[in-house]
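Work through the exercises below with the model open. Try each task before reading its solution.

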Amino acid sequence: MKVILGVDIGGSTTKVVAFEEKQRVLDCLQVRAGDQITSLYGAIGHILYKCHLTLRDVEAFVLTGVGATMVKGDIYGIHTYRVKEFEAIGRGALELTGLKETLVVSVGTGTAFVMASEKECRHIGGSGVGGGTLTGLASRLLGETHIDAIVAAAEKGSLRQVDLAICDISNEEIPSLPPHVTAANFGKVESTATKEDFALGLLNMVFETVGSLAAFACKNTEIREIVVTGSVAALPMAQKYLDGVGMLHNVKFIIPEQAIFATAIGAALQYFNLEDRI
Ligand SMILES: Nc1ncnc2c1ncn2[C@@H]1O[C@H](COP(=O)(O)OP(=O)(O)OP(=O)(O)O)[C@@H](O)[C@H]1O
Ligand SMILES: [Mg+2]
């Protein structure tokens, strides 16, 4: 059996997806390592082991992500292609949702916004607020760097202990601003605020920021369904907090089941589309 390995070498983690043929994903996995090269070779070895395959079974590697350019030439003498990350982000999101046109928000270490249609995938901008912001601030505010510990703490937290809401500063009903909406993230840190409250405040700040930017990017367009991918999109509270932003702006956030692997999937799919290879 011949497989195509799509590899997304990101700023924090490397994702690898094994495709048996265009529509069939055999397996996928995510690894984190101190450096991107170790992480790439580790991910390749691990997925082949998991799928009971050897290097002889690999037809091609398709690399994308910020680390893709660090790997020169072919891997183990096997055809190795590099595809543009924004194209992979867009193609992956369209494939996983079946949408023909959407805004894709890839929330990784940082956040990228890509307008994706069957015709083209266009990077419209980015934000430095993403998963890196979450883990960086959590290391100082909570003394935690591991994402599972941050999420576990957030599950017990309360936003009322850290965030300033509209109802805290206004008695008046403002039509476009319901009373529960955040007026300022961390704008009302109570002296009794706990590590758990800070953890939830951080997660919420990331979701509200990327969600609002995405909603603004869709103003004056027909797009009402926004696809959110990347490891941060796969965190348990992502949908709930993005839904809150979506209700304010009349947009819907869709998090595909394979959100973590969307970009690696989008890269591998381009193997089947020769002219996209670079
Ligand atoms: N299992 C995990 N390991 C590491 N980080 C995780 C994990 N799950 C969620 N995260 C969060 O996701 C962020 C990394 O997301 P992701 O792996 O999508 O980024 P990336 O692709 O490496 O980065 P970028 O796309 O910005 O280059 C981390 O900063 C962290 O906040
Ligand atoms: Mg990424």
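**Exercise 1. The ligand shell**

Ligand 1 is surrounded by 20 residues, and the closest are Gly10, Gly108, Thr109, Gly131 and Ser231. A residue counts as near if its C-beta atom, placed from the backbone, lies within 6 Å of the molecule. The model is predicted: local features need pLDDT of at least 70, side-chain atom pairs count only at pLDDT 80 or more, and totals for chains, interfaces and linings use all residues. Residues are numbered from 1 along each chain as its sequence is written, while chains are lettered from A and ligands numbered from 1 in the order in which they are written.

Task: Find which helix gives the most to the shell around ligand 1, then sort the shell by class and by domain.

Solution.
- Step 1. Helix H3 (residues 131-141) gives the most, with four residues. Helices (H or I, at least four residues) and strands (E, at least two) are DSSP runs, numbered from the N terminus.
- Step 2. The shell holds four nonpolar, 15 polar and one charged residues. Ala, Val, Leu, Ile, Met, Phe, Trp, Tyr, Cys and Pro count as nonpolar, Asp, Glu, Lys and Arg as charged, and the others, Gly among them, as polar.
- Step 3. Domain 1 (3-87 + 262-276) and domain 2 (99-259) each supply at least three residues to the shell. These bounds come from an automatic or database domain assignment.

**Exercise 2. The domain contact**

Task: Describe how domain 1 meets domain 2, and say which element of domain 1 gives the most.

Solution.
- Step 1. The C-alpha centres of domain 1 and domain 2 lie 29 Å apart.
- Step 2. Nine residues of domain 1 are in contact with 14 residues of domain 2. Contact requires C-beta atoms, placed from the backbone, within 7 Å.
- Step 3. On the domain 1 side, helix H2 (85-97) and helix H8 (262-269) are the elements that give two or more residues. H8 gives the most, with three.
- Step 4. By class, that side has three nonpolar, five polar and one charged residues.

**Exercise 3. The sheet E8-E7-E6-E11-E12**

Task: Trace this sheet, then place the helices H2 and H6 on it.

Solution.
- Step 1. Five strands form an open sheet with mixed pairing, in the order E8-E7-E6-E11-E12. Two strands pair if DSSP finds at least two bridges between them.
- Step 2. Strand E8 (121-127) and strand E12 (252-254) are the edges. The twist averages 25° from one strand to the next.
- Step 3. Strand E6 (residues 101-107) and strand E11 (residues 225-229) are parallel, over four bridges. Leu103 stands opposite Ile226 in E11.
- Step 4. H2 lies across E6, strand E7 (111-117), E8, E11 and E12, at about 60° to E7. Helix H6 (residues 195-218) touches E6, E7, E8, E11 and E12, and its direction makes about 155° with that of E6. Axes are lines fitted to C-alpha atoms, for helices over the stretch in contact, and angles run from 0 to 180 degrees between N-to-C directions.
- Step 5. E7 and E8 are antiparallel over six bridges. They form a hairpin with three residues between them. Val114 has His123 in E8 as its bridge partner.

**Exercise 4. Checking the length of H6**

Task: What span should the 24 residues of H6 have at 1.5 Å a residue?

Solution.
- Step 1. The expected span is 1.5 Å times one less than the number of residues.
- Step 2. H6 should therefore span 34 Å; its end C-alpha atoms are 35 Å apart, which agrees.
- Step 3. Asn220 follows H6, with a positive phi near 65°.

How values were computed
Contact = placed C-beta atoms within 7 Å.
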